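Please open the model in a viewer and keep the selection tool at hand. The tour below proceeds from one selection to the next.

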Amino acid sequence: MYTIIYYIATPMITGAVGFLTNDLAIRMLFHPHKPKYIFGKRVWFTPGLIPKEQKRIAASLGASISQNLMNQEVLERTLLNEMTVSKIESTLSATFASIQQEDCSLKEYLLRFVSPDEIAKVETSISEEVGLSATDMLINHQLGNQVAKMAVDHAIESMKKGVMGLLGADKIVSHLREPAERLLRDNINQMLEKKGPDMVHSMIKSGVSDLLNTPVKRLLEAKDEQLKTIQNAIICIYKNAIESQLPKMLETLNIAKIIEERINELDMDEMERLIMEVMKRELSAIVWLGAGLGFIIGLIDCLLF
C-alpha cells in the first residue's frame, strides 16, 4: 500500500513543484513592482526583473527595433513596394471618384477641412497677390505701347477703306502717328498704374468668388485625364519624398528614443497586462511544461530508486 502511494504521490508532488516554480518564476518577472526592505535591507529579487531593468530593457528594445525592424532599408522596401504603391493609387482613385460626385460648391467642400476665416484669408491673398502680379506684368510688358500702336494702326486702316481714304486723310494722319501713339500710350500707362491694381484685383476677386461658388461636380466634369495626371504626380512626389527625405525623417523622429520613452512611461501594471495579452498562451505553456517535466522526473525517480 505504501509503495503504491509512493509511486503515485512522488510524480504528483514533483509535477506540482515544477508547476509552482515555473509559475512563481514568471510572476517574479513583474512582481513585486517596487523593492521590499526588511530591517533596512533590500530583499533579494525585489523588485521583479522587468521593473528593475525597465530602463535598460526600454533602451535595448528601442535600439533593436530602430536598427533591425524600422531602419531605412526596411521602411523603403515596405513603403515603396508594388503592393503599397498600388494601395495608394487605389485610394487616390476612389477619393477622386468620390469628389467628382460632390454636388456642393467648392467653398462648402473646403469648409469640411478648414475654417471660414482661413478660406477668406486665402481668397483675399490670392486676389491681392495675383492682382499685383497681373498689373505689374501688364505694365512691364508695355501694354500701353502695344494698345496705342494697335489703335492708331486700326484708325489709319479704317480711314484708308472709307471716304476719308479717298480724300487722302489717311496720309495726313500717318504723319501724326508718332505723337498720337505717344499720347495714347502715356494715357494708358498712367491709367494702368493708378487704376490697374484696383481693377484687376476686383476682377480676380470676382473670379475667385465665382470659382468657390461653383459646384465641385461641375469643376471636375470631364476632367478624368487631368485627375489621372494629378494622381500620377502625387505618386511621383510620394516616391521621391520617401527616397530623398526618409533618412532625414528617421533622424528627426529618432524611433529608438520614441520607443524607449514610451516603454519608460508605462507603469508596471500596464506593461504586465500588455505582455500577458501577447504571450499568455506561451507563458501558460511554460508553466505546464514545468509541471510535465516535474512529473516525468518524479516518475523516473520512482522507477530507478
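In which loop does Ala 222 lie? Ala 222 belongs to the loop between helix H12 (216-219) and H13. The model is a predicted one, and the backbone at this position merits inspection. The phi angle of Ala 222 is near 60 degrees, a positive value in a residue other than glycine. Most residues other than glycine have a negative phi. With a relative accessibility of 71%, Ala 222 counts as exposed, because the cut-off for that class is over 50%.

Next, select Asn 254, which is found in the loop between H13 and helix H14 (255-265). Here, too, phi is positive in a residue other than glycine, at near 50 degrees. Asn 254 has a relative accessible area of 36% and is partly exposed.

Now display helix H13 (residues 224-253) together with helix H4 (residues 72-79). Their axes are 10 Å apart, and the two helices pack at an angle of about 155 degrees. H4 is therefore roughly antiparallel to H13, since angles over 145 degrees fall in that class. The crossing of H4 past H13 is right-handed. To view the contact, select Gln 72, Leu 75, Glu 76 and Leu 79 on H4. On the H13 side, add Tyr 238, Ile 242, Glu 243, Leu 246, Pro 247 and Leu 250. The residues of this contact comprise seven nonpolar, one polar and two charged.

Turn then to the aromatic pairs, of which the structure holds two. Select Phe 19 and Trp 288, whose ring centres are 4.9 Å apart. Their planes stand at 65 degrees, so the pair is edge-to-face. Phe 19 is in helix H1 (residues 2-27) and Trp 288 in helix H15 (residues 268-304); the pair thus links distant parts of the chain, 269 residues apart. Phe 19 is partly exposed, at a relative accessible area of 25%, whereas Trp 288 counts as exposed at 55% relative accessibility.

Continue to Tyr 109 and Phe 113, an edge-to-face aromatic pair with 5.3 Å from centre to centre and 65 degrees between the planes. Is Tyr 109 buried or exposed? Tyr 109 counts as buried, at 15% relative accessibility. Its partner Phe 113 counts as exposed, at 59%.

Finally, select His 31 and Pro 32, which are joined by a cis peptide bond with omega about -10 degrees. Most peptide bonds are trans. Pro 32 is placed in the loop between H1 and strand S1 (37-38).

Conventions: Residues are numbered from 1 along each chain as its sequence is written. This is a predicted model: local features need pLDDT of at least 70, side-chain atom pairs count only at pLDDT 80 or more; totals for chains, interfaces and linings use all residues. Side-chain values use heavy atoms; hydrogens and water are left out. Rings of Phe, Tyr and Trp (its six-membered ring) pair if their centres lie within 6.5 Å; planes under 30 degrees apart count as stacked, over 60 as edge-to-face and the rest as tilted. Helices (H or I, at least four residues) and strands (E, at least two) are DSSP runs, numbered from the N terminus. Buried means under 20% relative accessible area, exposed over 50%, partly exposed in between (1.4 Å probe, protein chains only). Axes are lines fitted to C-alpha atoms, for helices over the stretch in contact, and angles run from 0 to 180 degrees between N-to-C directions. Angles under 35 degrees count as roughly parallel, over 145 as roughly antiparallel, 65 to 115 as roughly perpendicular and the rest as oblique. A crossing is left-handed if the near helix is turned anticlockwise from the far one by less than a right angle, and right-handed if clockwise. Contact means heavy atoms within 4.5 Å. Ala, Val, Leu, Ile, Met, Phe, Trp, Tyr, Cys and Pro count as nonpolar, Asp, Glu, Lys and Arg as charged, and the others, Gly among them, as polar.
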